[in-house]
Amino acid sequence: MTNTVLLSSSLGLSPIKTTLTKNCDLGIKRRKFCCQIKWRNEQRNIIRAFMAPTRNLGHDGFPGTEFTESSKSGNWSKEVKHEDDSDVLIECRNVYKSFGEKHILRGVSFKIRHGEAVGIIGPSGTGKSTILKIIAGLLAPDRGEVYIRGRKRLGLVGDDEISGLRIGLVFQSAALFDSLTVRENVGFLLYENSSMSSDQISKLVTENLADVGLKGVEERLPSELSGGMKKRVALARSIICDITKESIEPEVLLYDEPTAGLDPIASTVVEDLIRSVHTKDEDAIGEPGKIASYVVVTHQHSTIKRAVDRLLFLHEGKVVWQGMTEEFTTSINPIVRQFACGSLDGPIRY
Ligand SMILES: Nc1ncnc2c1ncn2[C@@H]1O[C@H](COP(=O)(O)OP(=O)(O)OP(=O)(O)O)[C@@H](O)[C@H]1O
(Lines give C-alpha, C1' and ligand atoms only; values in the text may rest on other atoms or scores of the structure.)
Protein backbone atom coordinates (compact mmCIF):
# COMPACT_ATOMS: atom_id res chain seq x y z
CA MET A 1 0.00 0.00 0.00
CA THR A 2 1.16 3.46 -0.77
CA ASN A 3 0.56 6.39 1.46
CA THR A 4 -0.65 9.47 -0.24
CA VAL A 5 1.12 12.55 0.93
CA LEU A 6 -1.41 14.50 2.90
CA LEU A 7 -0.08 17.57 4.50
CA SER A 8 -1.23 18.79 7.85
CA SER A 9 -2.78 22.19 7.95
CA SER A 10 -4.29 24.90 9.96
CA LEU A 11 -7.50 24.22 8.11
CA GLY A 12 -8.64 20.66 8.36
CA LEU A 13 -6.12 18.69 10.32
CA SER A 14 -5.59 20.99 13.17
CA PRO A 15 -5.38 18.16 15.72
CA ILE A 16 -2.44 16.59 13.91
CA LYS A 17 -0.71 19.81 13.23
CA THR A 18 -1.16 21.00 16.71
CA THR A 19 0.20 17.78 18.12
CA LEU A 20 3.13 17.71 15.75
CA THR A 21 4.05 21.30 16.12
CA LYS A 22 3.87 21.03 19.86
CA ASN A 23 6.07 17.97 19.88
CA CYS A 24 8.50 19.55 17.46
CA ASP A 25 8.68 22.64 19.53
CA LEU A 26 9.44 20.56 22.57
CA GLY A 27 12.37 19.20 20.65
CA ILE A 28 11.05 15.66 20.54
CA LYS A 29 12.61 14.11 17.51
CA ARG A 30 10.95 12.50 14.57
CA ARG A 31 11.01 8.96 15.94
CA LYS A 32 8.89 9.88 18.91
CA PHE A 33 6.06 11.54 17.17
CA CYS A 34 6.06 9.12 14.29
CA CYS A 35 3.80 6.87 16.37
CA GLN A 36 1.21 9.59 16.12
CA ILE A 37 1.88 10.06 12.45
CA LYS A 38 1.63 6.34 11.84
CA TRP A 39 -1.68 6.25 13.59
CA ARG A 40 -2.82 9.10 11.42
CA ASN A 41 -1.33 7.56 8.32
CA GLU A 42 -3.76 4.72 8.67
CA GLN A 43 -6.48 7.20 8.04
CA ARG A 44 -4.72 8.63 5.07
CA ASN A 45 -5.35 7.92 1.53
CA ILE A 46 -3.68 4.66 0.70
CA ILE A 47 -4.79 4.39 -2.79
CA ARG A 48 -3.16 2.83 -5.79
CA ALA A 49 -3.16 4.79 -8.99
CA PHE A 50 -3.61 3.55 -12.49
CA MET A 51 -3.20 6.06 -15.23
CA ALA A 52 -6.00 6.19 -17.73
CA PRO A 53 -4.84 5.80 -21.30
CA THR A 54 -4.17 9.00 -23.14
CA ARG A 55 -7.03 9.86 -25.41
CA ASN A 56 -7.53 11.94 -28.48
CA LEU A 57 -8.17 15.32 -27.06
CA GLY A 58 -10.54 17.89 -28.43
CA HIS A 59 -9.67 21.52 -29.05
CA ASP A 60 -10.21 22.32 -25.40
CA GLY A 61 -8.00 19.52 -24.24
CA PHE A 62 -10.78 17.18 -23.26
CA PRO A 63 -12.18 14.34 -25.29
CA GLY A 64 -15.38 15.31 -26.99
CA THR A 65 -16.07 18.10 -24.57
CA GLU A 66 -18.66 20.67 -25.44
CA PHE A 67 -19.64 23.57 -23.23
CA THR A 68 -22.73 25.62 -23.81
CA GLU A 69 -23.87 28.37 -21.51
CA SER A 70 -27.61 28.78 -21.57
CA SER A 71 -29.66 31.22 -19.58
CA LYS A 72 -32.93 30.27 -21.21
CA SER A 73 -33.47 27.27 -19.02
CA GLY A 74 -32.45 29.22 -15.94
CA ASN A 75 -29.70 26.65 -15.50
CA TRP A 76 -26.40 28.47 -15.52
CA SER A 77 -24.36 25.38 -14.92
CA LYS A 78 -22.73 24.48 -18.19
CA GLU A 79 -23.88 21.56 -20.16
CA VAL A 80 -20.85 19.39 -20.67
CA LYS A 81 -20.91 16.66 -23.24
CA HIS A 82 -18.34 13.91 -23.32
CA GLU A 83 -17.97 10.89 -25.52
CA ASP A 84 -17.51 8.62 -22.56
CA ASP A 85 -16.60 8.63 -18.91
CA SER A 86 -13.72 6.17 -18.91
CA ASP A 87 -11.27 8.97 -18.15
CA VAL A 88 -13.15 10.24 -15.10
CA LEU A 89 -10.86 9.99 -12.06
CA ILE A 90 -13.09 11.59 -9.43
CA GLU A 91 -16.79 12.22 -9.43
CA CYS A 92 -18.86 13.97 -6.78
CA ARG A 93 -22.51 13.13 -7.21
CA ASN A 94 -25.10 15.20 -5.38
CA VAL A 95 -22.89 15.73 -2.32
CA TYR A 96 -24.38 17.30 0.82
CA LYS A 97 -22.50 18.41 3.92
CA SER A 98 -23.68 20.31 6.98
CA PHE A 99 -21.87 21.43 10.10
CA GLY A 100 -24.54 21.62 12.78
CA GLU A 101 -27.19 23.99 11.47
CA LYS A 102 -24.94 25.25 8.68
CA HIS A 103 -25.89 23.56 5.44
CA ILE A 104 -22.73 24.09 3.42
CA LEU A 105 -22.91 21.73 0.45
CA ARG A 106 -26.36 21.17 -0.98
CA GLY A 107 -26.05 18.85 -3.92
CA VAL A 108 -22.62 19.36 -5.44
CA SER A 109 -21.94 17.36 -8.59
CA PHE A 110 -18.93 17.42 -10.90
CA LYS A 111 -16.32 15.20 -12.53
CA ILE A 112 -12.55 15.50 -12.68
CA ARG A 113 -11.07 13.81 -15.73
CA HIS A 114 -7.62 12.48 -16.43
CA GLY A 115 -5.33 15.30 -17.51
CA GLU A 116 -7.53 18.10 -16.23
CA ALA A 117 -6.38 21.21 -14.38
CA VAL A 118 -9.49 22.40 -12.59
CA GLY A 119 -10.07 25.46 -10.43
CA ILE A 120 -12.78 25.74 -7.78
CA ILE A 121 -13.81 29.30 -7.09
CA GLY A 122 -16.61 31.01 -5.25
CA PRO A 123 -17.37 33.35 -2.36
CA SER A 124 -15.80 32.81 1.05
CA GLY A 125 -17.42 30.20 3.22
CA THR A 126 -19.18 28.55 0.33
CA GLY A 127 -17.58 25.16 0.97
CA LYS A 128 -14.58 25.01 -1.38
CA SER A 129 -12.17 23.62 1.21
CA THR A 130 -14.91 21.33 2.45
CA ILE A 131 -15.38 19.77 -0.97
CA LEU A 132 -11.58 19.31 -1.30
CA LYS A 133 -11.53 17.45 2.01
CA ILE A 134 -14.43 15.30 0.86
CA ILE A 135 -12.61 14.47 -2.38
CA ALA A 136 -9.45 13.65 -0.41
CA GLY A 137 -11.45 11.38 1.87
CA LEU A 138 -10.81 13.39 5.01
CA LEU A 139 -14.47 14.25 5.46
CA ALA A 140 -17.46 12.09 4.66
CA PRO A 141 -20.46 13.60 2.90
CA ASP A 142 -23.77 13.51 4.74
CA ARG A 143 -25.50 12.53 1.52
CA GLY A 144 -24.41 11.85 -2.02
CA GLU A 145 -21.46 9.89 -3.32
CA VAL A 146 -17.84 10.24 -4.29
CA TYR A 147 -16.60 7.90 -7.00
CA ILE A 148 -12.90 7.23 -7.45
CA ARG A 149 -12.25 5.88 -10.91
CA GLY A 150 -15.84 4.71 -11.04
CA ARG A 151 -15.81 3.02 -7.65
CA LYS A 152 -17.96 4.42 -4.92
CA ARG A 153 -15.98 5.47 -1.89
CA LEU A 154 -17.27 3.94 1.29
CA GLY A 155 -16.26 5.78 4.43
CA LEU A 156 -13.04 7.71 4.69
CA VAL A 157 -9.56 7.27 3.31
CA GLY A 158 -8.54 4.35 5.48
CA ASP A 159 -10.84 2.01 3.61
CA ASP A 160 -8.69 -0.46 1.79
CA GLU A 161 -11.29 -1.16 -0.80
CA ILE A 162 -10.84 2.30 -2.24
CA SER A 163 -8.48 1.80 -5.09
CA GLY A 164 -7.42 3.35 -8.28
CA LEU A 165 -5.93 6.70 -7.38
CA ARG A 166 -3.52 8.40 -5.07
CA ILE A 167 -4.93 11.68 -3.93
CA GLY A 168 -2.77 14.26 -2.21
CA LEU A 169 -3.86 17.44 -0.53
CA VAL A 170 -1.61 20.47 -0.28
CA PHE A 171 -3.11 22.64 2.39
CA GLN A 172 -3.33 26.38 2.50
CA SER A 173 -0.45 26.74 4.93
CA ALA A 174 2.64 24.88 3.84
CA ALA A 175 2.40 23.06 7.18
CA LEU A 176 6.01 21.97 7.43
CA PHE A 177 7.27 20.44 10.65
CA ASP A 178 9.10 23.24 12.39
CA SER A 179 11.94 21.29 13.95
CA LEU A 180 12.67 19.08 10.96
CA THR A 181 14.99 20.10 8.15
CA VAL A 182 13.73 20.54 4.62
CA ARG A 183 15.21 17.12 3.79
CA GLU A 184 13.34 15.48 6.68
CA ASN A 185 10.14 17.27 5.81
CA VAL A 186 10.21 16.32 2.13
CA GLY A 187 11.28 12.73 2.77
CA PHE A 188 9.09 12.31 5.83
CA LEU A 189 6.75 9.59 4.65
CA LEU A 190 9.50 7.70 2.85
CA TYR A 191 11.69 7.66 5.97
CA GLU A 192 8.75 6.25 7.90
CA ASN A 193 6.92 4.08 5.44
CA SER A 194 9.23 2.85 2.72
CA SER A 195 12.02 0.32 2.50
CA MET A 196 14.29 2.85 0.82
CA SER A 197 17.67 3.53 2.39
CA SER A 198 18.48 6.93 3.85
CA ASP A 199 20.87 7.58 0.96
CA GLN A 200 18.21 6.75 -1.61
CA ILE A 201 15.68 8.98 0.08
CA SER A 202 18.19 11.76 0.40
CA LYS A 203 18.97 11.61 -3.31
CA LEU A 204 15.29 11.54 -4.18
CA VAL A 205 14.60 14.50 -1.92
CA THR A 206 17.30 16.48 -3.69
CA GLU A 207 15.79 15.54 -7.07
CA ASN A 208 12.29 16.50 -6.00
CA LEU A 209 13.51 19.79 -4.63
CA ALA A 210 15.21 20.42 -7.95
CA ASP A 211 11.88 19.63 -9.66
CA VAL A 212 10.36 22.58 -7.84
CA GLY A 213 13.36 24.79 -8.51
CA LEU A 214 15.05 24.59 -5.08
CA LYS A 215 18.71 23.76 -4.64
CA GLY A 216 20.94 23.62 -1.58
CA VAL A 217 18.19 24.09 0.98
CA GLU A 218 18.07 20.51 2.25
CA GLU A 219 19.62 21.22 5.63
CA ARG A 220 17.68 24.40 6.34
CA LEU A 221 14.84 24.60 8.84
CA PRO A 222 11.46 25.93 7.65
CA SER A 223 12.01 29.10 9.68
CA GLU A 224 14.95 29.89 7.38
CA LEU A 225 12.75 29.88 4.25
CA SER A 226 10.54 32.53 2.68
CA GLY A 227 6.78 31.93 2.38
CA GLY A 228 7.11 31.07 -1.31
CA MET A 229 9.97 28.64 -0.64
CA LYS A 230 7.91 26.92 2.04
CA LYS A 231 5.08 26.42 -0.44
CA ARG A 232 7.56 24.93 -2.89
CA VAL A 233 8.94 22.59 -0.23
CA ALA A 234 5.37 21.54 0.54
CA LEU A 235 4.86 20.88 -3.15
CA ALA A 236 8.04 18.78 -3.31
CA ARG A 237 6.75 16.80 -0.34
CA SER A 238 3.46 16.22 -2.10
CA ILE A 239 5.02 14.85 -5.30
CA ILE A 240 7.72 12.63 -3.84
CA CYS A 241 6.99 8.92 -4.10
CA ASP A 242 8.60 5.57 -3.43
CA ILE A 243 10.65 4.71 -6.51
CA THR A 244 11.27 1.14 -5.39
CA LYS A 245 7.63 0.26 -5.97
CA GLU A 246 6.94 -1.63 -9.14
CA SER A 247 4.82 1.06 -10.64
CA ILE A 248 5.26 4.71 -9.97
CA GLU A 249 1.79 5.98 -9.84
CA PRO A 250 0.40 9.22 -11.05
CA GLU A 251 -1.82 11.02 -8.67
CA VAL A 252 -4.32 13.76 -8.29
CA LEU A 253 -3.22 16.75 -6.28
CA LEU A 254 -5.64 19.05 -4.53
CA TYR A 255 -4.32 22.50 -3.70
CA ASP A 256 -6.12 24.68 -1.20
CA GLU A 257 -5.28 28.32 -1.92
CA PRO A 258 -1.66 27.64 -2.87
CA THR A 259 -0.90 31.27 -3.63
CA ALA A 260 -2.72 32.88 -0.71
CA GLY A 261 -0.53 35.46 0.98
CA LEU A 262 2.19 35.45 -1.68
CA ASP A 263 3.39 38.50 -3.56
CA PRO A 264 2.54 38.57 -7.30
CA ILE A 265 5.91 37.21 -8.41
CA ALA A 266 6.03 34.45 -5.80
CA SER A 267 2.46 33.59 -6.89
CA THR A 268 3.61 33.28 -10.48
CA VAL A 269 6.43 30.95 -9.40
CA VAL A 270 4.01 28.70 -7.54
CA GLU A 271 1.44 28.82 -10.36
CA ASP A 272 4.08 27.76 -12.88
CA LEU A 273 5.22 25.06 -10.51
CA ILE A 274 1.71 23.68 -10.25
CA ARG A 275 1.63 23.54 -14.04
CA SER A 276 5.08 22.00 -14.28
CA VAL A 277 4.31 18.96 -12.12
CA HIS A 278 1.33 18.13 -14.33
CA THR A 279 1.87 15.23 -16.71
CA LYS A 280 1.11 17.57 -19.60
CA ASP A 281 4.08 19.73 -18.74
CA GLU A 282 7.75 19.55 -17.83
CA ASP A 283 9.27 20.08 -14.42
CA ALA A 284 12.29 22.25 -13.60
CA ILE A 285 14.69 19.60 -14.90
CA GLY A 286 12.78 18.98 -18.12
CA GLU A 287 11.09 15.72 -17.10
CA PRO A 288 7.35 15.16 -17.57
CA GLY A 289 5.37 16.01 -14.44
CA LYS A 290 3.96 13.26 -12.24
CA ILE A 291 0.51 14.63 -11.50
CA ALA A 292 -2.24 13.27 -13.71
CA SER A 293 -4.84 15.88 -12.76
CA TYR A 294 -5.15 18.59 -10.19
CA VAL A 295 -7.73 20.77 -8.54
CA VAL A 296 -6.95 24.22 -7.19
CA VAL A 297 -9.13 26.19 -4.80
CA THR A 298 -8.25 29.81 -5.23
CA HIS A 299 -9.44 33.39 -4.95
CA GLN A 300 -6.59 34.80 -7.00
CA HIS A 301 -7.23 35.91 -10.55
CA SER A 302 -3.62 35.24 -11.52
CA THR A 303 -3.94 31.65 -10.34
CA ILE A 304 -7.21 31.23 -12.20
CA LYS A 305 -5.63 32.51 -15.41
CA ARG A 306 -2.27 30.84 -15.10
CA ALA A 307 -2.71 27.56 -13.30
CA VAL A 308 -6.04 26.06 -14.40
CA ASP A 309 -7.94 25.31 -17.60
CA ARG A 310 -11.46 24.73 -16.36
CA LEU A 311 -13.42 26.32 -13.54
CA LEU A 312 -16.19 25.22 -11.22
CA PHE A 313 -18.04 28.02 -9.46
CA LEU A 314 -19.47 27.06 -6.09
CA HIS A 315 -22.19 29.20 -4.58
CA GLU A 316 -24.77 28.50 -1.91
CA GLY A 317 -23.83 24.87 -1.77
CA LYS A 318 -23.96 24.08 -5.47
CA VAL A 319 -21.92 24.29 -8.65
CA VAL A 320 -23.73 27.21 -10.27
CA TRP A 321 -21.43 27.60 -13.26
CA GLN A 322 -18.63 25.77 -14.95
CA GLY A 323 -16.61 26.62 -17.97
CA MET A 324 -13.17 27.08 -19.46
CA THR A 325 -10.96 29.65 -17.79
CA GLU A 326 -11.12 32.08 -20.69
CA GLU A 327 -14.91 32.12 -20.43
CA PHE A 328 -14.80 33.29 -16.84
CA THR A 329 -14.44 36.97 -17.67
CA THR A 330 -16.93 36.91 -20.54
CA SER A 331 -19.66 34.87 -18.89
CA ILE A 332 -23.12 36.40 -18.80
CA ASN A 333 -23.99 34.55 -15.62
CA PRO A 334 -24.72 37.37 -13.13
CA ILE A 335 -23.02 35.52 -10.25
CA VAL A 336 -19.87 34.98 -12.26
CA ARG A 337 -19.92 38.53 -13.61
CA GLN A 338 -20.19 39.98 -10.15
CA PHE A 339 -17.43 37.76 -8.82
CA ALA A 340 -15.13 38.41 -11.78
CA CYS A 341 -15.26 42.17 -11.31
CA GLY A 342 -15.58 42.19 -7.53
CA SER A 343 -18.73 44.28 -7.61
CA LEU A 344 -20.86 44.86 -4.53
CA ASP A 345 -23.97 44.81 -6.72
CA GLY A 346 -25.31 41.46 -7.73
CA PRO A 347 -26.74 38.24 -6.44
CA ILE A 348 -23.83 37.50 -4.07
CA ARG A 349 -24.47 39.14 -0.71
CA TYR A 350 -22.06 39.38 2.21
N1 LIG B 1 -15.10 21.23 10.77
C2 LIG B 1 -15.98 22.22 10.72
N3 LIG B 1 -16.84 22.44 11.72
C4 LIG B 1 -17.75 23.44 11.67
N5 LIG B 1 -17.88 24.28 10.63
C6 LIG B 1 -17.03 24.11 9.61
C7 LIG B 1 -16.04 23.07 9.60
N8 LIG B 1 -15.37 23.15 8.43
C9 LIG B 1 -15.89 24.19 7.76
N10 LIG B 1 -16.88 24.75 8.45
C11 LIG B 1 -17.71 25.88 8.02
O12 LIG B 1 -18.19 25.58 6.73
C13 LIG B 1 -18.20 26.74 5.93
C14 LIG B 1 -17.43 26.49 4.67
O15 LIG B 1 -16.05 26.38 5.00
P16 LIG B 1 -14.95 26.20 3.88
O17 LIG B 1 -13.63 26.35 4.55
O18 LIG B 1 -15.20 24.96 3.12
O19 LIG B 1 -15.26 27.45 2.96
P20 LIG B 1 -14.41 28.06 1.77
O21 LIG B 1 -15.33 28.25 0.62
O22 LIG B 1 -13.19 27.25 1.52
O23 LIG B 1 -14.03 29.47 2.39
P24 LIG B 1 -12.80 30.47 2.11
O25 LIG B 1 -12.90 30.87 0.67
O26 LIG B 1 -13.09 31.62 3.02
O27 LIG B 1 -11.54 29.73 2.45
C28 LIG B 1 -17.66 27.85 6.79
O29 LIG B 1 -18.76 28.57 7.33
C30 LIG B 1 -16.90 27.15 7.87
O31 LIG B 1 -16.91 27.89 9.05
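This text leads the reader through the structure, from the overall make-up of the chain to single residues.

The model is predicted. Its protein chain has ten helices and twelve strands. Of the 350 residues in this chain, 55% are buried. Contacts can also be sorted by how far apart the partners are in the sequence: among those in the protein chain with a separation of 6 or more, 68% are made by residues 24 or more positions apart.

The interior may be considered next. The largest nonpolar core has 46 residues, and the members that touch the most others are Leu 209, Tyr 255, Tyr 294 and Phe 313. Helix H7, residues 227-239, gives the most to this core, with six residues. A second, separate core has 31 residues, including Ile 131, Ile 148, Ile 167 and Val 252. Tyr 294 illustrates how a residue of the largest core is surrounded. When its neighbours within four places in sequence are left aside, the residues in contact with Tyr 294 include Glu 116, Ala 117 and Val 118, as well as Leu 253, Tyr 255 and Ile 274. Arg 275, His 278, Ala 307 and Val 308 are also among the contacts of Tyr 294.

Helix H7 deserves a closer look. The helix has 13 residues and reaches 19 Å from its first C-alpha to its last, close to the 18 Å expected at 1.5 Å a residue. H7 is mostly covered, since eleven of its 13 residues are buried. Among the buried residues are Met 229, Val 233, Leu 235 and Ile 239, but also Lys 231, Arg 232 and Arg 237. The buried residues of H7 pack against helices H4, H6 and H8 and against three strands, namely E8 (166-170), E9 (251-256) and E10 (291-297).

Helix H6, one of these partners, covers residues 198-211. Its 14 residues should span 20 Å at 1.5 Å a residue, and its end C-alpha atoms are 20 Å apart, so the two values agree. An α-helix has 3.6 residues a turn, so residues three or four places apart point the same way. In H6 the buried residues are Ile 201, Ser 202, Leu 204, Val 205, Asn 208, Leu 209, Ala 210 and Asp 211. These buried residues pack against H4, helix H5 (188-193), H7 and helix H8 (264-276). Just after H6, Gly 213 takes a positive phi of about 80°.

Helix H4, residues 182-186, contains Arg 183. Is Arg 183 buried or exposed? Arg 183 counts as buried because its relative accessibility is 17%, and the cut-off for buried is under 20%. Beyond its neighbours within four places in sequence, Arg 183 is in contact with Tyr 191, Ser 202, Val 205, Thr 206, Glu 218 and Glu 219.

Attention now turns to a sheet. Four strands form an open sheet in the order E4-E3-E6-E7, with antiparallel pairing. The strands at its edges are E4 (102-113) and E7 (151-152), each of which pairs on one side only. Helix H3, residues 128-136, packs on the sheet and touches strand E3 (88-99), E4 and E6; the direction of H3 makes about 125° with that of E3. E3 and E6 run antiparallel and are joined by five bridges. Tyr 96 stands opposite Arg 143 in E6.

Strand E6, residues 143-148, is also joined to E7 by two bridges, and this pair runs antiparallel. Tyr 147 stands opposite Lys 152 in E7, while Ile 148 has Arg 151 as its bridge partner in E7. E6 and E7 form a hairpin with two residues between them, and in the turn Arg 149 has a positive phi of about 45°.

Two further topics complete the tour. A disulfide is a covalent bond between the sulfur atoms of two cysteines. How many disulfides does a search of the whole structure find? The search finds zero. Cys 92 counts as buried because its relative accessibility is 0%, whereas Cys 341 is exposed, with a relative accessible area of 58%.

The last residue to consider is Thr 329, in the loop between strand E12 (318-324) and helix H10 (334-341). Thr 329 counts as exposed because its relative accessibility is 59%, and the cut-off for exposed is over 50%. Thr 329 and Asn 208 are 121 residues apart along the chain, and their C-alpha atoms are separated by 36 Å.

Terms used: Residues numbered from 1 in each chain as written. Predicted model: local features only at pLDDT ≥ 70, side-chain atom pairs only at ≥ 80, totals over all residues. Heavy atoms only, no water. Core = buried A, V, L, I, M, F, W, Y, C linked by side-chain atoms within 4.5 Å. Buried < 20%, exposed > 50% of the residue type's maximum accessible area, 1.4 Å probe, protein only. Contact = heavy atoms within 4.5 Å. Pairing = 2+ DSSP bridges. Axes fitted to C-alpha atoms, helices over the stretch in contact; angles between N-to-C directions. Disulfide = S-S within 2.5 Å. Expected span 1.5 Å × (residues − 1).
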